[in-house]
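Got your viewer open? Let's take a walk through this one together, stop by stop.

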Amino acid sequence: MNLAKALASVGGLTLASRVLGLVRDSLFARFVGAGFASDAFLIAFRLPNMFRALFAEGAFASAFIPMFNKKVGGRDAADGGGLPAGILFAEQALSVLLPVLIVMTVLLEALAWPVTFLLSGNFNGVTHDQFAYAVMLSRITIPYLALISLVSLLGGILNSLNKFWVNAAAPILLNLTLIVALLGFHSEDPLITARNQAIGVSVSGALQLAWLIWACRANGVSMRLRMPVWNADVKQLLKLILPAAAGAGAVQINLVISTALAASLLAHGSVTYIYMADRLNQLPLGLIGIGLGTVLLPTISRQLGAGQDAEAMATQNRGLELALLLTLPAAVALIVCGQPIAAALFGYGKFDANDVARTAEALAAFSIGLPSYILVKVLTPGYYARQDTRTPVRYATISMVANLVGNLALIVPLQHMGPPLATALASTLNVAMLYRTLVKRGHFTVDARLKRRAPRLALAAVAMGVALWFGQGLMVPYVQGTWLVRGLALAVLVGAGCAVYGAATLLSGAFTRDDLAMLRRRKRAA
């Protein structure tokens, strides 16, 4: 498989989803602003959003895909392998997963009050009616957890069959649903608009599940409901899922800790600043990190299963190279140009200039850790493909403790910048431990090509950052205009950054003419 081509397929659809997500967040800022209503919705949305990241993009896929691939490839299959053996395993997994999800949903609905309190710390002192409103929003969004977990099961099957685009397209339905809710059902009262957004979250979960069911049937995958099966395969799957959830979701769990501390210790609106900054930070993370993680895990697991250890190591080296090529300039751009970017996207209506400035500050703190967030996605497949989920969870636990300590130390002096900075530093620690252990075990060695290119990519990103620092002032007057003017200003800013970075990579030798010629040959061959 061509790694870059597969990443482009997933990344292109993820780009569409993230762009729609920015449209959604821009409308949300315009109609709801930054205050209690926005904070209450974002707290209610945090729990299902975390489960989406843990299951749809993390734990379930990390545990399920390698086992499913073994079944399809003939290993561990009584009938010699093939798709039917894989589908049988998926049905057995569903037979246990579905009852667990139903029970979990009922429990969370019953425990919505303490869960909301845990995530918000009573919102730094609100009235009884305000907190009851926040609990109501949580109850509305909780069904999304079960729906998106089922989506992850079906998406894992399609990813294993190299149908990456189907699962990557599913989040588009979430953003479209919330955009429709904002445009068609907004109100002058932010509390009503936020409630309608919560309803839209669960509606989108049902739509995503319907989309995956249709796509599976269109690709010859039809699953039956069975009575719960408790066999060795299911036990092994469940044994792998829980540690993988913490390992793959360290960033999300760190964000939950940061959000809870911000809600309980900082002024109303701080949760919204951190959320909006995280959404901008998530754009490159979604395009690069999730795309690479989605493609690398089944690719490396197949190569290892076939005894192609050298090819698996080469695949991971190219994954790291792609991650650095795309991540370093994104991190520098978000740090340098956070103010005009936040102003262009969110500076409307109820979201004022002060809100924009605070969002840009939180974004700069988050972006320091952007390379680390993505490198976690690149390094963890090296463990999951070998069915080792314990090591990542051990390191994720250490990083979560570091994040908590960092939050407590930084939240008072740095306010809304403290939690994002603590999250960035904790993620960097996680990457260092993951990398060191892979190297120590002999499962990863940096090849000559990556050693040569990595420092040159960093130099090219710095050159781009200097150019943007001096050039962004020209765009500031235009990020306060109409949607069209703001969009054009951002397009010019992004285009200029890409042009400078592209030239810098060529001049530094990080990207050579031979690479361009190879890309042209592959394009003609395609």
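Before the first stop, one cut-off to keep in hand: a residue counts as buried under 20% relative accessible area, as exposed over 50%, and as partly exposed in between. Bear in mind, too, that what you have on screen is a predicted model.

**The whole chain**

Start with everything shown as a cartoon. You'll see 22 helices and zero strands in the protein chain. Now switch on the surface: its accessible area is about 21000 Å², and 68% of that belongs to carbon and sulfur atoms. Of the 526 residues, 57% count as buried. Contacts also reach across the sequence: among those between residues at least 6 apart, 84% join residues at least 24 apart.

**Stop one: Gln415**

Select Gln415, which sits in the loop between helix H18 (390-414) and H19. Is Gln415 buried, exposed or partly exposed? Its relative accessibility is 37%, which falls between the two cut-offs, so Gln415 counts as partly exposed. While you're here, check the backbone: Gln415 isn't a glycine, yet its phi is positive, about 55°.

**Stop two: H15 and H19**

Move on into helix H19 (residues 418-440) and add helix H15 (residues 353-367) to the selection. Two packed helices are described by the angle between their axes and the distance between the axes. For this pair the angle is about 10° and the axes are 7 Å apart, which makes H15 roughly parallel to H19. Show side chains where they touch: H15 brings Ala362, Ala365 and Phe366, while H19 brings Pro420, Leu421, Thr423 and Ala424. Colour the contact by class and you get six nonpolar residues, one polar and no charged ones.

**Stop three: H6 and H7**

Next, pick helix H6 (residues 128-141) and try a length check. With 14 residues at 1.5 Å each, H6 should span 20 Å, and its end C-alpha atoms are indeed 20 Å apart, so the two agree. Which residues of H6 are buried? Highlight Phe131, Tyr133, Ala134, Val135, Leu137, Ser138 and Thr141.

Now bring in helix H7 (residues 143-160): the axes of H6 and H7 come within 5 Å and cross at roughly 25°. The two helices are therefore roughly parallel to each other. Zoom in on where they meet, with Arg139, Ile140 and Thr141 on the H6 side and Pro143, Tyr144 and Leu145 on the H7 side. By class, this contact has four nonpolar residues, one polar and one charged.

**Stop four: Glu188**

Select Glu188, in the loop between helix H8 (164-185) and helix H9 (190-218). Glu188 has a relative accessible area of 70%, so it is exposed. Then add Val32 and draw a distance between the C-alpha atoms: Glu188 and Val32 are 156 residues apart in sequence, but 8.6 Å apart in space.

**Stop five: Leu320**

Finish with Leu320, in helix H13 (residues 309-336). Is Leu320 buried or exposed? It is buried, since its relative accessible area is 8%. What does Leu320 touch, leaving out residues up to four places away in sequence? Show Leu375, Val378, Leu379, Phe444 and Leu450 to see its contacts. One last distance to draw: the C-alpha atoms of Leu320 and Val446 are separated by 9.3 Å, with their positions 126 residues apart along the chain.

Definitions and conventions. Residues numbered from 1 in each chain as written. Predicted model: local features only at pLDDT ≥ 70, side-chain atom pairs only at ≥ 80, totals over all residues. Heavy atoms only, no water. Helix = DSSP H or I, 4+ residues; strand = E, 2+ residues; numbered from the N terminus. Buried < 20%, exposed > 50% of the residue type's maximum accessible area, 1.4 Å probe, protein only. Contact = heavy atoms within 4.5 Å. Areas by Shrake-Rupley, 256 points an atom, 1.4 Å probe, with all protein chains shown as cover. Axes fitted to C-alpha atoms, helices over the stretch in contact; angles between N-to-C directions. Parallel < 35°, antiparallel > 145°, perpendicular 65-115°, else oblique. Nonpolar A, V, L, I, M, F, W, Y, C, P; charged D, E, K, R; others polar. Expected span 1.5 Å × (residues − 1).
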